[in-house]
Amino acid sequence: MVRRLRRTALYIPGNDPSMILNSGIFGADSIVLDLEDAVSINEKDSSRILVRNALQNVDFGASEVVVRINALSTPFGKQDIEAIVCPRLDAIRLPKCEYADDIMELEKILDRVEEEKGLKKGSVSIMPLIESAMGSYNAVQIAKASRRNSAVNFGGEDYTADMGAQRTREGAELLDIRMRILLAARIAGIDALDTVFGNLNDEEGLLEETKLIKQLGFDGKSIIHPRQIRLIHDVFTPSEKEINKARRIIEAIEEAEKRKSGVVALDGRMIDAPVVAKARRVLAFAEAVGLV
Amino acid sequence: MNLNTIGREVPGSIEGIGTLRPFEGAFKRIPDGVMKAPKIPCVERGGDKILPSLKDALKEAGLRDGMTLSFHHHLRNGDYVVSMVLDLIAEMGFRDMTIAPTALFPVHKSIIRHIESGVVKAIQGSVNGPIGRLASNGGLEIPVLLRSHGGRARAIEAGDLSVDIAFIAAPSCDKYGNINGVGGSSSCGSLGYCMADAMYADKVIAITDNLVPYPLYPVSIPQIYVDYIVQVDQIGDPSGIVSGTLKITRDPLRLLIAEHAARVIEASGLLEEGFSFQTGAGGISLAVAGYVKDMMKDKKIKGSFGSGGITGFFVQMLEEGMFDALLDVQSFDMDAVRSLRENQGHVEMSASYYANPHNKGCAVNQLDAVILGATQVDTKFNVNVNTESDGVLLHGIGGHMDTAAGAKLTIITTPLLRGRLPMIVDDVITVTSPGETIDVVVTERGIAVNPMRHELAERMKASRLPVVPIEKLRDEAYRISGKPENPKFTDRIIGVVEYRDGTVIDVVRQVISVS
Amino acid sequence: MEISGKTAQAGTLESGDILITITLGEEDKGIEIELESPSQAVYGQQIYNTITGTLNDLGVRTAYVKAQDRGALDCTISARVEAAALRALKK
């Protein structure tokens with residue numbers, strides 16, 4: 001199966017019909033229709049209906065369609081789920097996750113709603129959003145809490161507020177949560193997504209941050225504007241050189257297997273399991289982007 | 001009623017306009033006959049041409065009922081001249097004028113009053129929103145005759161449009177009638193659109209708020225064409241004449257369209273040393289220019305010229321050495337006015353030089369690529385820029401059909417939908433530019449190439465551009481919005497769209513209900 | 001569903017949206033719609049049908065609806081009518 005890419009997750013305000021209509025044309029890997037922070041308390045009801053209708057009518061292209069619902073502790077979260085679950089919904093992004101129980105509660109509701117709507121059980125995945133000290137501390141438990149989980153991500157603004165930290169361009173204040181999110185994602189076998197980069201005019205800053213999170217091992221990043229897509233996709237797309245090298249590694253290992261040889265070398269360097277794993281990851285990415 | 005070659009009904013003649021010649025193809029009409037010549041003039045030696053008042057000038061020019069008066073729009077939405085002249089004519093009690101403006105703006109809404117009172121009987125040239133709406137509701141006895149910039153110059157030179165008195169709004173003028181647009185508090189840059197008027201009208205009245213010592217230089221309109229000069233306090237409101245720096249759109253959807261359009265140009269193979277290019281001043285157009293500029297820099301190539309209405313963006317490209325010259329028929333902003341005044345490579349051109357198909361060569365014929373807009377495009381690639389989806393005549397033609405016909409590559413950029421309204425439809429309500437002159441239509445949801453341009457389509461596919469049949473774009477628009485109903489019209493013709501060669505490409509009918 | 005006689009709004013005047021103001025009537029006088037739309041000439045009937053259909057689905061039989069359209073699609077119109085009606089019914 002082709003790997004699902006999650007390089008970019010584009011937030012779209014849930015109460016803006018124009019932006020929702022056009023959200024599919026920019027080529028973001030995921031679209032996150034936002035019922036939470038982007039919607040004022042007085043418009044929670046109307047945007048819920050708007051997003052429900054949009055999910056049934058708007059063409060989101062090849063993008064994965066995600067809705068960020070309101071936290072289950074608010075009066076809106078459960079109603080959001082009832083309204084939006086439908087065949088086109090791929091995932092729910094659950095904000096303010098602090099404990100594994102938050103995920104299990106959502107899972108239970110989804111089990112029921114999917115059955116009521118005649119959908120296959122598990123068709124809607126969960127993307128926990130961690131944005132507090134407690135959530136960060138429990139990240140591994142949260143990521144492992146449900147087989148529905150597909151990607152764990154974090155919100156930098158709320159998290160730094162909770163930590164008493166300052167948000168900076170360089171992002172030293174996010175070092176710990178980034179590592180925790182990655183750790184949790186890898187233990188749970190799901191994707192790790194980075195927080196948004198807020199300054200739209202600072203392309204260089206976005207480039208540096210994207211290179212950093214790719215280096216760390218993240219699979220992608222949430223974004224707030226379509227013009228951030230190209231740059232992030234470029235960073236995450238393996239270069240021709242990387243792809244060729246990965247190919248040669250896989251060829252070498254297959255050749256060695258045929259010869260039943262235990263030790264494999266390429267260009268005088270030993271190829272061991274982690275090198276092969278990395279090469280496979282590069283090729284899977286390249287395939288998903290359509291480069292191989 | 002006859003059908004022209006694109007299947008539009010054209011009556012044999014219309015009262016108040018005369019015999020109509022149906023459109024037969026963009027490059028089919030071979031003109032015959034001779035060009036019009038104005039009367040041989042004679043002035044006394046010495047002295048000046050300054051008259052005490054506009055009223056005196058009108059009297060001297062022999063103003064009578066039923067004359068044809070021409071105006072130009074270089075002062076855009078700051079223009080005082082059209083209203084000044086028509087208000088005075090009304091006050092003097094004259095009636096039944098035909099006005100021939102190069103374009104109209106919201107500031108000219110007083111014309112409505114003069115139409116209703118019978119001072120203005122007909123319009124040849126251009127309309128804008130409120131006046132077009134009036135026409136669409138049947139408010140003009142004689143249909144509006146719409147012409148492009150090139151077509152209007154052709155009509156004047158061929159004698160189809162015979163101007164009795166031309167009014168020149170003159171930002172700078174000397175006592176003997178030399179005029180330019182680059183000095184004075186009402187400076188507007190190029191005076192390109194009114195040059196044919198000055199050369200061919202029986203009488204020419206210059207109205208100025210900046211009388212300078214003789215001889216004025218540089219000269220845009222020379223003394224040999226000007227009969228009378230009138231001094232007034234102000235010919236226009238500077239804040240409405242030139243805009244501030246025009247901004248490239250920030251709307252991601254429009255930027256996506258612009259980027260696609262730029263990549264179409266790159267894929268076409270035309271983006272080489274000596275590239276020539278025209279865009280409008282709209283947000284998408286400027287964004288395309290921005291992308292093209294970056295591509296030219298990357299490829300280290302220099303363009304030959306940019307043309308049309310000139311913006312600061314093109315001026316910057318000239319100043320950075322990315323174009324050898326700018327050919328300027330109207331200057332949109334302060335930078336363009338300054339550049340026309342200071343830079344030898346920034347050249348003023350007349351509407352005839354720019355776009356008249358029946359002279360010995362116009363600038364659009366030398367264009368590699370042009371970016372144009374549309375209010376509708378149909379699956380035959382016909383473009384409408386005159387009527388809106390509800391059938392109301394709201395816009396003039398500008399240089400649309402001229403540049404589309406002249407340029408090697410004509411690209412229409414448009415969102416697939418405006419609001420709910422599909423921009424790609426089965427049949428446009430009004431044909432402005434025929435499909436045979438349109439090469440590519442770029443939307444945010446795909447790019448359609450005219451099937452006549454097979455090789456271009458192949459080049460674009462090779463560049464991995466999202467090329468789709470135009471029918472697919474129409475289907476997509478109808479799927480999102482629903483199939484539009486046709487607006488309802490009466491049989492009465494309220495507008496005639498003249499093709500640049502003088503044939504009739506389409507007519508516009510009165511709408512039944514207008515909200 | 002009981003008719004409350006209350007007025008409520010939903011939607012906005014932003015491009016692509018529609019502002020619906022709905023007043024639920026006391027008697028069975030049907031649904032009256034006042035529509036202002038840039039798409040009136042080509043989608044007017046479709047918009048009337050969408051508004052009426054949405055209200056019927058909600059069991060609303062008597063209402064005065066003011067619809068200030070800015071080029072909304074049917075799914076948006078329907079969402080705004082539903083939201084406005086539910087708000088009115090809740091009052």
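## How the two domains of chain B meet

In this predicted model, 31 residues of domain 1 of chain B are in contact with 31 residues of domain 2 of chain B. On the domain 1 side, helix 4 (129-136), helix 5 (149-158) and helix 6 (195-200) of chain B are the elements that give two or more residues to the surface touching domain 2. Helix 5 of chain B gives the most there, with 7 residues.

What kind of residues make up that side of domain 1 of chain B, by class? Here's the breakdown:

| Class on the side of domain 1 of chain B that touches domain 2 of chain B | Count |
|---|---|
| Nonpolar | 11 residues |
| Polar | 15 residues |
| Charged | 5 residues |

As for where the domains sit, domain 1 of chain B runs over 49-241 and domain 2 over 252-492. Taken over C-alpha atoms, the centres of these two domains of chain B are 29 Å apart.

Now for the whole chain. Chain B carries 15 helices and 30 strands. Its radius of gyration is 22 Å, close to the 24 Å the globule rule gives for 515 residues, so chain B is as compact as a globular protein of that length. Along the principal axes, the C-alpha atoms of chain B fill a box of roughly 70 × 55 × 40 Å.

How many of the 515 residues of chain B count as buried? The share is 59%. And if you look at contacts in chain B between residues at least 6 apart in sequence, 73% of them join residues at least 24 apart.

How values were computed. Residues are numbered from 1 along each chain as its sequence is written. Chains are lettered from A and ligands numbered from 1 in the order in which they are written. This is a predicted model: local features need pLDDT of at least 70, side-chain atom pairs count only at pLDDT 80 or more; totals for chains, interfaces and linings use all residues. Domain bounds come from an automatic or database domain assignment. Two residues are in contact if their C-beta atoms, placed from the backbone, lie within 7 Å. Helices (H or I, at least four residues) and strands (E, at least two) are DSSP runs, numbered from the N terminus. Ala, Val, Leu, Ile, Met, Phe, Trp, Tyr, Cys and Pro count as nonpolar, Asp, Glu, Lys and Arg as charged, and the others, Gly among them, as polar. The radius of gyration is taken over C-alpha atoms; the globule rule is 2.2 Å times the number of residues to the power 0.38. A residue is buried if 20 or more other C-beta atoms lie within 10 Å of its own, exposed if 12 or fewer, and partly exposed in between; C-beta atoms are placed from the backbone.
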